[in-house]
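Q: Could you walk me through one strand of this model and whatever sits around it? I'd like a close look at a single part, not a tour of the whole thing.

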Amino acid sequence: MAKSVLITGGAKRLGQEMALSLAEKGWAIALHYRNSLEEAESTREKIEEAGSDCKLFSADLENPKESVEMMKQVLSEFPDLDLLVHNASVFDVSPLASVDEEVFDRQFDVNFKSPFRSDSVFINFEILKSG
C-alpha cells in the first residue's frame, strides 16, 4: 500500500514541488488549496501522470471550522495518512512597527493555529483508530 501525505498549500511553488517529488516516489497525495483551483487541478494531473493518486481539498485555513472539516475529509479519504506537511502560509509585508492586530491574527491563525488544529484532529483520529 502506498504511503500518503497531506500537503497544505500544495497547488503551487514549494508545495507543488514537494507533492510532485513524493508522487514520483509513489506516495498518494491529499492536496490542499485555498483559491488556486486551476493550479491544484494542474498539479493533480501531473501527480496522476506520475502514477500516483491525488485528491484535492479546498479550505480557508484561517477559518477554524473549514480547517477542521478539511482534515476530517482528508482522513475519510486517506484513513492511513502517514504524513502532514504544513506548507500553507500567509505573509503580509509589514514593518513590525506597523503590524496591527488584524495582520497578526491572520498570520497566527494560518501559520500556527491551523497546523495545531490539523495535528489535533489527526492525533485523535489515530488514538480512536488504534482502539
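A: Here is a look at strand β1 and its surroundings. Keep in mind that this is a predicted model.

Strand β1 covers residues 4-7. Its side chains split two ways: S4 and L6 point to one side, while V5 and I7 point to the other. That fits the usual pattern, since in a regular strand the side chains alternate between the two faces of the sheet. Here both sets are buried.

Now for the pairing. β1 runs parallel to strand β2, residues 28-33, and four bridges join the two. Within that pairing, L6 has A30 of β2 as its bridge partner. β1 also runs parallel to strand β4, residues 83-85, this time with three bridges. On that side, V5 stands opposite L83.

How does the chain get from β1 to β2? Helix α1, residues 13-24, belongs to the same unit: β1, α1 and β2 make a right-handed β-α-β unit.

L6 is also a handy way into the packing, as M70 touches it. M70 sits in helix α3, residues 64-77. Leaving out residues up to four places away in sequence, M70 touches L6, H32, F57, A59 and L61. M70 counts as buried because its relative accessibility is 1%, and the cut-off for buried is under 20%. One last distance for M70: S118 is 48 residues away in sequence, yet the C-alpha to C-alpha distance is 8.7 Å.

Conventions. Residues are numbered from 1 along each chain as its sequence is written. This is a predicted model: local features need pLDDT of at least 70, side-chain atom pairs count only at pLDDT 80 or more; totals for chains, interfaces and linings use all residues. Side-chain values use heavy atoms; hydrogens and water are left out. Buried means under 20% relative accessible area, exposed over 50%, partly exposed in between (1.4 Å probe, protein chains only). Two strands pair if DSSP finds at least two bridges between them. A crossover is right-handed if, with the strands pointing away from the viewer, the path from the first strand over the helix to the second runs clockwise. Contact means heavy atoms within 4.5 Å.
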